[in-house]
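Some notes follow on the cysteines and on the main pocket. Please read them with the coordinates open.

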Amino acid sequence: MNTTAPTVWQTEAWNWVVQQTSTTATVIQDQFPHVAEQGEYDRREAEWWTAGFWPGLLWLVHSTPARPNSATDSSTQEQAINNRIDVSAWAESCEVQLEQCLYDPEKVDHDLGFTWLLSGVAHYRLSGNLESRRRGLLAANLLAARYNVRGRYIRAWNFGSTFMDTRGVAIIDSMMNLPLLYWASKETGDPRYQALAIEHADTIAKEFVREDHSICHAVEFDPFTGEKVKEHGGQGFAPGSAWARGTAWALHGFALSYAYTGEQRYLEIAKQTAQFFLTELGEDIVPFWDFRAPDEHRIAWDSSAAAIAASGLLELARHVPEQEQSFYQRAGELLVQGLYEQFSSRETGGEGLISKGTVHYPEQKYLNVSIIYGDYFFAEALVKLQGKQGLFTPEAY
């Protein structure tokens, strides 16, 4: 809960994000970046699961302009304020491209929330654009259609696999996609979307959250009976490990489910997961990719986990009792400040905002790079420190 004016570093950091993103936008425009190796973002297809984060970042920058900082007159601040670029047209063009994926069942999966909360729903909330509302509701219907009534979960992936039946797989990332269903119920007055989201969240709480408050990445169910088959390591080191980004997804996702539903059990899980994350992190800012990775595999970090957790901690601070608010607020602020001061590209250059992110260590994909969702959640956390809310929350703009 941020009830005070932004501090000097917070204003400086946000002004830098506005300037950096605006400059990068003149290069990327309405394409879909994923990771930045050697400082330059790649381009992915519109159906890739991260495609919503670039328009989401553009909407954050568009709706929260740079602001004067009386304590400094740095050139970065002056550039951000005086040379602001309107990035909204590129965000709108991304949305139009993303709509084509909605008409191909092979191009949509459980990440519809990541895609559409940050594109069409964000556009609608900011401008009242009815075409954007239509797209967002279509996406919500497609997400609801992935619900398995036997297992009470939303199916994750479409692809086949030799070691799991993906028809019966759910993953922890899904908690961050549920706000699309919550929004659809709020927007239409139809309770079915929220009912499905709650049932899925309860399944995640039962099957993914361990007694020690660590989180597993993927659970396979029998798609016909709904019975749990096994836990998979997924992007973590192994079954039973503690993938750092998955922990952050759970922290943030359960906090959001509480924000939309008021169900106390979700708030308790978010608090317990936050405590696990912060305890494992210790004095560091960026965790290793898996909190339980053996020493020989501690060669990759994940700044995206820190950014997701930071924004989640700031979300959590809004909902806990007053005497607990300062703990979560301060924890989130320290992570954001550490990312800005120690892991941003201010000194190293490059198109990404923060460095040292890892996409998929077990497959050795993209280790210690800038990642678009890390950049998005870093910016979202800074927006919250400016007194606004992120694009996943009920009150978003």
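1. A disulfide is taken here as a pair of cysteine sulfur atoms within 2.5 Å. The model is a predicted one, and it holds 0 disulfides. Cys94 takes part in none, and the nearest cysteine sulfur to it belongs to Cys101, 11 Å away.

2. Why is the sulfur of Cys101 not in a bond with that of Cys94? The two are 11 Å apart, and Cys94 holds the closest cysteine sulfur to that of Cys101, so the distance is too far for a bond. A disulfide would need the sulfur atoms within 2.5 Å.

3. Are Cys94 and Cys101 buried or exposed? Cys94 has a relative accessible area of 0%, and is therefore buried. Cys101 is also buried, because its relative accessible area is 7%, and the cut-off for buried is under 20%.

4. Turning to the pocket: the largest one has a volume of about 1,000 Å³. Its lining counts 38 residues, of which Trp48, Trp49, Trp157, Phe159 and Gln235 are the closest to the centre.

5. Which helices each supply at least two residues of the lining of the largest pocket? They are H5, spanning 112–117, and H10, spanning 244–261. The largest share of the lining comes from H5, with 3 residues.

6. By residue class, the lining of the largest pocket divides into 17 nonpolar, 11 charged and 10 polar residues. Among the residues closest to the pocket centre are Trp157 and Gln235; Trp counts as nonpolar, and Gln falls in the polar class.

Terms used: Residues are numbered from 1 along each chain as its sequence is written. This is a predicted model: local features need pLDDT of at least 70, side-chain atom pairs count only at pLDDT 80 or more; totals for chains, interfaces and linings use all residues. Side-chain values use heavy atoms; hydrogens and water are left out. Buried means under 20% relative accessible area, exposed over 50%, partly exposed in between (1.4 Å probe, protein chains only). On a 1 Å grid over the protein atoms alone, a cavity is a set of points where a 1.4 Å probe fits but cannot get out, and a pocket is an open set with protein on both sides within 12 Å along at least five of seven lines; lining residues have an atom within 4 Å of a point. Grid points are joined across faces, edges and corners, and a volume is the space filled by probe spheres set on the points. Helices (H or I, at least four residues) and strands (E, at least two) are DSSP runs, numbered from the N terminus.
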